[in-house]
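This report describes one protein chain for a reader who has not met it before. It moves from single contacts between side chains to the strands and the core.

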Amino acid sequence: MARPWLSVLAQVVPVPLGLLLSGALVWGATNADWSGTSSNSGNEWTSSSAGLANDGKVPMFRVGSMRPGDTGSNCIDVKSNADFPTALKLYSNSANWPNNYQSFIDLKIEVGRGGTFGDCDGFTPHRTAFDGTLDRFVALHTDFRTGVGPWPLTGRPPNSLSFRFAWKYSPSAPGGSQGSNTNEVTFTWEARERT
């Protein structure tokens with residue numbers, strides 16, 4: 001006589017056993033040694049620079065033994081390597097002077113194209129940047145915010161401007177200014193990104 005529990009067991013056991021075996025096969029398939037990758041290497045980001053340079057290797061002016069009425073001039077070319085639009089300004093952060101001697105030195109600064117350091121031949125002025133006395137320039141234009149300008153630079157060549165500095169020792173300079181000298185003056189150009 002057949003035992004009923006064996007019949008029930010024969011009907012129930014194959015289902016869980018089949019599920020167990022199919023799970024083992026799937027696990028084995030996903031654990032295969034075959035794989036594939038795709039890469040894109042060598043990526044980097046480099047920021048722009050608003051660096052400036054000029055063609056002056058020595059001071060524009062080293063003037064000695066001036067007499068009232070003497071004049072002089074020099075040009076300088078300022079180049080930007082920025083590859084984006086910038087605004088260029090000119091100022092001086094030189095120290096204030098202890099006497100009023102520098103008020104007798106007239107200074108005219110023009111901005112344009114052409115000319116090189118030590119040679120203003122070919123300089124074409126576009127506008128006057130400053131026309132006053134040396135002490136006034138040093139006192140009023142001390143940083144980018146108060147500097148003269150701005151002049152736009154496009155960020156594409158030619159990305160440069162030329163400046164002509166002309167000075168005159170005033171014919172009305174008093175005799176008491178004999179033997180005087182100014183402190184050293186630094187002219188600074190600064191470019192900032194245009195917003």
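A charge sits over a ring if NZ of Lys or CZ of Arg is within 6 Å of the ring centre and within 35 degrees of the ring normal. Lysine 89 lies over the face of phenylalanine 144 in this sense, at 5.0 Å from the ring centre. The structure is a predicted model, and the values below are computed from it.

**Overall layout**

The chain contains 3 helices and 8 strands. In sequence order the elements follow the pattern α-α-β-β-β-β-β-α-β-β-β. Of its 195 residues, 31% count as buried.

**Strand pairing and the disulfide**

Strand 1 pairs with strand 2 in the antiparallel sense, over 3 bridges. In this pairing, asparagine 54 stands opposite valine 78 in strand 2. Strand 2 also pairs with strand 7, again in the antiparallel sense, over 9 bridges. Here cysteine 75 stands opposite arginine 164 in strand 7.

Cysteine 75 has a second role in this description. A search of the whole structure finds 1 disulfide, and this bond joins cysteine 75 to cysteine 120, with an S to S distance of 2.1 Å. Cysteine 75 belongs to strand 2, while cysteine 120 lies in the loop between strand 4 (105-113) and strand 5 (124-133), so the disulfide ties together parts that are 45 residues apart in sequence. The torsion about the S-S bond is about 120 degrees, so the disulfide is right-handed. With a relative accessible area of 0%, cysteine 75 is buried.

**Salt bridges**

Side chains of opposite charge can pair when their charged atoms come close. The whole structure has 4 salt bridges, and the table gives three of them.

| Residue with nitrogen | Residue with oxygen | N to O distance |
|---|---|---|
| Arginine 62 | Glutamate 184 | 3.8 Å |
| Lysine 79 | Aspartate 77 | 2.4 Å |
| Arginine 192 | Glutamate 190 | 2.8 Å |

Which parts of the chain does the salt bridge of arginine 62 and glutamate 184 tie together? Arginine 62 is in the loop between strand 1 (52-54) and strand 2 (71-80), and glutamate 184 is in the loop between strand 7 and strand 8, so the pair ties together parts that are 122 residues apart in sequence. Arginine 62 and glutamate 184 are both exposed.

The partners lysine 79 and aspartate 77 fall into separate accessibility classes. Lysine 79 is partly exposed, at 46% relative accessibility, whereas aspartate 77 is buried, at 9%. In the salt bridge with glutamate 190, arginine 192 is partly exposed, with a relative accessible area of 43%.

**Aromatic pairs**

For aromatic rings, the count comes to 6 pairs. In one of them, the ring centres of phenylalanine 163 and tryptophan 189 are 5.5 Å apart and the planes meet at 55 degrees, so the pair is tilted. Phenylalanine 163 lies in strand 7 (residues 160-169) and tryptophan 189 in strand 8 (residues 188-193), so this pair links distant parts of the chain, 26 residues apart. Both phenylalanine 163 and tryptophan 189 are buried.

Another pair is formed by phenylalanine 165 and phenylalanine 187, whose ring centres are 4.8 Å apart with planes at 55 degrees, so this pair is tilted. It links phenylalanine 165 in strand 7 to phenylalanine 187 in the loop between strand 7 and strand 8, 22 residues apart. Phenylalanine 165 and phenylalanine 187 are both buried.

These four aromatic residues belong to a cluster linked by ring pairs, which consists of Phe130, Phe137, Trp151, Phe163, Phe165, Phe187 and Trp189.

**The nonpolar core**

In soluble globular proteins, nonpolar side chains tend to be buried together. Which residues have the most contacts inside the largest nonpolar core? This core has 28 residues, and the residues in question are Phe163, Phe165 and Trp189. The elements that give two or more residues to the core are strand 2, strand 3 (86-91), strand 4, strand 5, helix 3 (134-140), strand 6 (148-153), strand 7 and strand 8. Strand 7 provides the largest share, with 5 residues.

Strand 7 therefore appears in several parts of this account: strand 7 pairs with strand 2, holds phenylalanine 163 of one tilted aromatic pair, and gives the core its largest share of residues.

Methods: Residues are numbered from 1 along each chain as its sequence is written. This is a predicted model: local features need pLDDT of at least 70, side-chain atom pairs count only at pLDDT 80 or more; totals for chains, interfaces and linings use all residues. Side-chain values use heavy atoms; hydrogens and water are left out. Rings of Phe, Tyr and Trp (its six-membered ring) pair if their centres lie within 6.5 Å; planes under 30 degrees apart count as stacked, over 60 as edge-to-face and the rest as tilted. Helices (H or I, at least four residues) and strands (E, at least two) are DSSP runs, numbered from the N terminus. Buried means under 20% relative accessible area, exposed over 50%, partly exposed in between (1.4 Å probe, protein chains only). A salt bridge is a side-chain nitrogen of Lys or Arg within 4 Å of a carboxyl oxygen of Asp or Glu. Two strands pair if DSSP finds at least two bridges between them. A disulfide is a pair of cysteine sulfur atoms within 2.5 Å. A nonpolar core is a set of buried Ala, Val, Leu, Ile, Met, Phe, Trp, Tyr and Cys residues joined through side-chain atoms within 4.5 Å.
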